[in-house]
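Work through the following exercises with the sequence and the three-dimensional view side by side. Try each task before you read its solution.

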Amino acid sequence: MKGIVSFTLKLGACLGFGAWCLGFLAPPVSAQPVKLTPDHHPQKGVPQGTLTKIPKWKSKVFAGTERDWWIYVPAQYKADKPAAVMVFQDGHDYARTTGNWRVPTVFDNLIHKGDMPVTIGVFINPGHNGKYKPQNPWRVSNRSFEYDTLSDQYARFLLEEILPEVGRKYNLTDDPNRRAICGASSGGICSWTVAWERPDAFRKVLSTIGSFTNIRGGHAYPNFIRKTARKPIRVWLQDGRNDLDNVHGSWPIANERMAAALKYQGYDYKFVYTDGAHNSNEAGPLLPEALRWLWRDWNKT
């Protein structure tokens, strides 16, 4: 009984903290073994791109915040040819060459095979606006506000600050069909919001365990989709039947409603429903499949 009371008090304090218990909503680290694909590992004869950590970014769109970020540049990049671009929220998790995602390695392999275009990866963490930055990158103070809010603010942050900064050094495409955005949990709904608000700038979305629940009103998206003329967005969704079910809503039901609304409006979408929980144990190994689906016709347009 004491343990239950203690947990209840801790959860209540977390929810009342003002940041919507960010660590609770973030994908946890699991000790369970995950079976990755060959595309998650370096392959003989495949050129390796470079991953560079960029000096902390101090934002004007999100005034008073700073954030860590990284840029991946494939070995095949040539300055005279505009590169496709893909943005990842919670970038620290995707930019690693260990773990379940290993995006730089997956990009190396898929670009080499021609399964996706020459693509520059931009990995961005949410902003922190406190005096002391927590060691856990999932708990930075501005994460929920930036990711879960239904507005064009995060899209403006990318289009007015981040992409122009990357474009100072690299030749990026302005073709929205060659701009993709990816995230998990609150990063997943953020990715959808960017494309929903600015389909003239981003038209490919990869969302896993997306928080289409009532954290900051995201549960309304299925209704918006049904009542709004179809936008030129291609979206790959994943969720698990054992995902979260809490005060904000049910993640599995929310993603099912998103998929049903996308089907109703005739979107170019794919919904992969697995048995997993709120982590990347199943979505990570699916990354090469998801990227191939998103970019399946890149060299035909």
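The exercises below concern a predicted model, and each one is followed by a worked solution.

**Exercise 1. The sheet**

Task: Determine the order of the strands in the open sheet of eight strands, and explain why β1 and β10 each have one side without a neighbour.

Solution: Begin by reading across the open sheet, where the eight strands follow the order β1-β2-β4-β3-β5-β6-β7-β10 and the pairing is mixed. Next, look at the two ends of that order: β1 (50–58) and β10 (268–274) stand at the edges, and because each has a single partner strand, one side of each is left without a neighbour in the sheet. From one strand to the next, the twist averages 15°. Finally, take one pair of strands as an example: β5 (residues 179–184) and β6 (residues 204–208) run parallel and are joined by five bridges, and G183 has S207 in β6 as its bridge partner.

**Exercise 2. Helices on the sheet**

Task: Find which strands are touched by helix α6 and which are touched by helix α7.

Solution: Start with helix α6 (residues 153–167), which packs on the sheet and touches β1, β2 (66–73), β3 (84–89), β4 (119–124) and β5, while its direction makes about 120° with that of β4. Then turn to helix α7 (residues 186–197), which also packs on the sheet, here touching β3, β5, β6 and β7 (234–240), with its direction at about 155° to that of β5.

**Exercise 3. The length and ends of helix α9**

Task: Check the span of helix α9 against the value expected at 1.5 Å a residue, and then describe what is found at its N-terminal end and just after it.

Solution: Helix α9 (residues 251–264) has 14 residues, which at 1.5 Å a residue should span 20 Å; the C-alpha atoms at its ends are 20 Å apart, so the two values agree. At the N-terminal end, S250 acts as a cap, with a side-chain oxygen 3.3 Å from the backbone nitrogen of I253. Just after α9 comes G266, whose phi is positive, at about 75°. Among the buried residues of α9 are W251, P252, M258 and L262.

**Exercise 4. Aromatic pairs**

Task: Describe the pair W57 and W69 and the pair F62 and F157, and decide whether these residues are buried or exposed.

Solution: A search of the whole structure finds 19 aromatic pairs. W57 and W69 form one that is edge-to-face, with 5.9 Å from centre to centre and 75° between the planes; W57 lies in strand β1 and W69 in strand β2, 12 residues apart. Since residues under 20% relative accessible area count as buried, W57 at 17% is buried, and so is W69 at 1%. F62 and F157 form another edge-to-face pair, at 5.6 Å centre to centre and 65° between the planes, and this pair links the loop between β1 and β2, where F62 lies, to helix α6, where F157 lies, 95 residues apart. F62 counts as buried at 3% relative accessibility, as does F157 at 0%.

**Exercise 5. Positive phi outside glycine**

Task: Where in the chain are R102 and I209, and what is the phi of each?

Solution: R102 is in the loop between α3 (91–94) and α4 (103–113), and its phi is near 55°, a positive value in a residue other than glycine. I209 is in the loop between β6 and α8 (221–227), and, although not a glycine, I209 has a positive phi of about 40°. As a last step, compare their accessibility: R102 counts as buried at 18%, and I209 is buried at 0%.

How values were computed
Residues are numbered from 1 along each chain as its sequence is written. This is a predicted model: local features need pLDDT of at least 70, side-chain atom pairs count only at pLDDT 80 or more; totals for chains, interfaces and linings use all residues. Side-chain values use heavy atoms; hydrogens and water are left out. Two strands pair if DSSP finds at least two bridges between them. Helices (H or I, at least four residues) and strands (E, at least two) are DSSP runs, numbered from the N terminus. Axes are lines fitted to C-alpha atoms, for helices over the stretch in contact, and angles run from 0 to 180 degrees between N-to-C directions. Contact means heavy atoms within 4.5 Å. The expected span of a helix is 1.5 Å times one less than its number of residues. Buried means under 20% relative accessible area, exposed over 50%, partly exposed in between (1.4 Å probe, protein chains only). A polar contact is a pair of N or O atoms within 3.5 Å; within protein, one must be able to donate a hydrogen and the other to accept it, and residues adjacent in sequence count only if both atoms are side-chain atoms. Rings of Phe, Tyr and Trp (its six-membered ring) pair if their centres lie within 6.5 Å; planes under 30 degrees apart count as stacked, over 60 as edge-to-face and the rest as tilted.
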